Amino acid sequence: MQNSLILIVEDAFEIADILSAYLAHSGMRSVHATNGLQALSLQESMTPDLILLDIHMPKMDGWQVLAKLRQTSQTPIIMLTAMDQDIDKLKALRTGADDYVIKPFNPAEVVARVQAVLRRTHAAQQKALPKRLRVDPFEVDFESHEITISRSGQQKVLPLTLTEFKLLTHLLSSPKRAFTRGELLEACLPEGDALERTVDSHVSKIRKKLENVGIDGIPAGVRGVGYRFRGEG
């Protein structure tokens with residue numbers, strides 16, 4: 001999946017570098033954590049699309065990270081380990097892993113597994129799309145393609161174009177995540193040959209419409225990245 005963000009949790013730098021290079025060649029981005037505690041922090045702050053998780057790591061091993069993540073997150077996880085034992089494979093899958101890769105591995109196979117898990121996850125998410133999404137004071141009605149603002153007991157429907165609706169709902173769906181212009185372009189304008197600066201134009205129009213109903217600073221710009229729904233804090 002183009003532009004997907006993959007969190008590589010691996011204390012061996014050479015392995016992480018190889019995986020990162022292969023993912024980049026397939027159009028995916030990556031971020032690297034060298035231990036379990038750092039992995040949890042990056043998962044919360046960057047909301048990756050998938051996690052490649054080594055089992056043997058300092059501070060917190062992969063089993064602990066997997067169990068911790070599954071308490072609050074459904075982010076797809078592929079376990080990486082040198083242990084080729086059926087009991088370990090079963091433990092990984094029963095604890096909530098989506099796949100399991102044995103070291104030493106072919107990096108191209110890992111990328112293929114990442115793409116397969118992302119496709120399955122995307123298909124499942126599409127089937128499970130809610131009819132409504134609420135992020136105060138916004139409420140999205142996906143059936144009518146309307147976004148309503150509720151303030152001081154009054155409701156106003158935002159006069160959005162279809163592209164503006166797609167952009168704002170995409171940001172609303174992960175309000176803490178910073179999206180690149182490329183990600184927003186692929187998700188919301190995939191059918192055209194639009195340039196990334198087209199996203200800036202649509203965001204500017206969304207901001208003006210929100211300012212007209214008394215809401216400032218949404219969507220928020222993220223320097224060097226793109227946009228998120230709201231700014232920090």
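A residue is called buried here when its relative accessible area is under 20%, exposed when that area is over 50%, and partly exposed in between. With that scale in hand, Asp 98 is partly exposed, since its relative accessible area is 32%. The structure is a predicted model, and the paragraphs that follow look at one of its helices and then at some of its salt bridges.

Helix 2 spans residues 36-46, and its buried residues are Gly 36, Ala 39, Leu 40, Leu 42 and Gln 43. Seen down the axis of helix 2, these buried residues fall within an arc of 170 degrees, so they line one face of the helix. An α-helix has 3.6 residues a turn, so residues three or four places apart point the same way. As for what they pack against, the buried residues of helix 2 meet strand 1 (5-9), strand 2 (29-33), strand 3 (50-54) and helix 3 (62-72).

Both ends of this helix have a feature to look for. At the start of helix 2, a side-chain oxygen of Asn 35 comes to within 3.1 Å of the backbone nitrogen of Leu 37, while just after the helix Thr 47 takes a positive phi of about 45 degrees.

From the helix we turn to the charged side chains, which form 13 salt bridges in the structure. One of these joins Glu 183 and Arg 29, with an N to O distance of 2.2 Å. Because Glu 183 lies in helix 7 (residues 181-188) and Arg 29 in strand 2, the pair ties together parts that are 154 residues apart in sequence. Glu 183 is buried, with a relative accessible area of 7%, whereas Arg 29, at 26%, is partly exposed.

Another salt bridge brings together the side chains of Arg 70 and Asp 98, at 3.2 Å from N to O. Arg 70 belongs to helix 3 and Asp 98 to the loop between helix 4 (86-95) and strand 5 (99-102), so this pair ties together parts that are 28 residues apart in sequence. Arg 70 counts as buried at 16% relative accessibility, while its partner Asp 98 is the partly exposed residue met at the outset.

In a further salt bridge, Arg 132 pairs with Asp 141, and the closest N and O atoms are 3.0 Å apart. Here Arg 132 is partly exposed, with a relative accessible area of 48%, and Asp 141 counts as buried at 14% relative accessibility. Salt bridges can also share partners, and in this way Arg 29, Asp 49, Arg 177 and Glu 183 are joined into one network.

Terms used
Residues numbered from 1 in each chain as written. Predicted model: local features only at pLDDT ≥ 70, side-chain atom pairs only at ≥ 80, totals over all residues. Heavy atoms only, no water. Buried < 20%, exposed > 50% of the residue type's maximum accessible area, 1.4 Å probe, protein only. Helix = DSSP H or I, 4+ residues; strand = E, 2+ residues; numbered from the N terminus. Arc of directions from axis to C-beta. Contact = heavy atoms within 4.5 Å. Polar contact = N/O pair within 3.5 Å; in protein donor to acceptor, adjacent residues only side chain to side chain. Salt bridge = Lys/Arg side-chain N within 4 Å of Asp/Glu carboxyl O.
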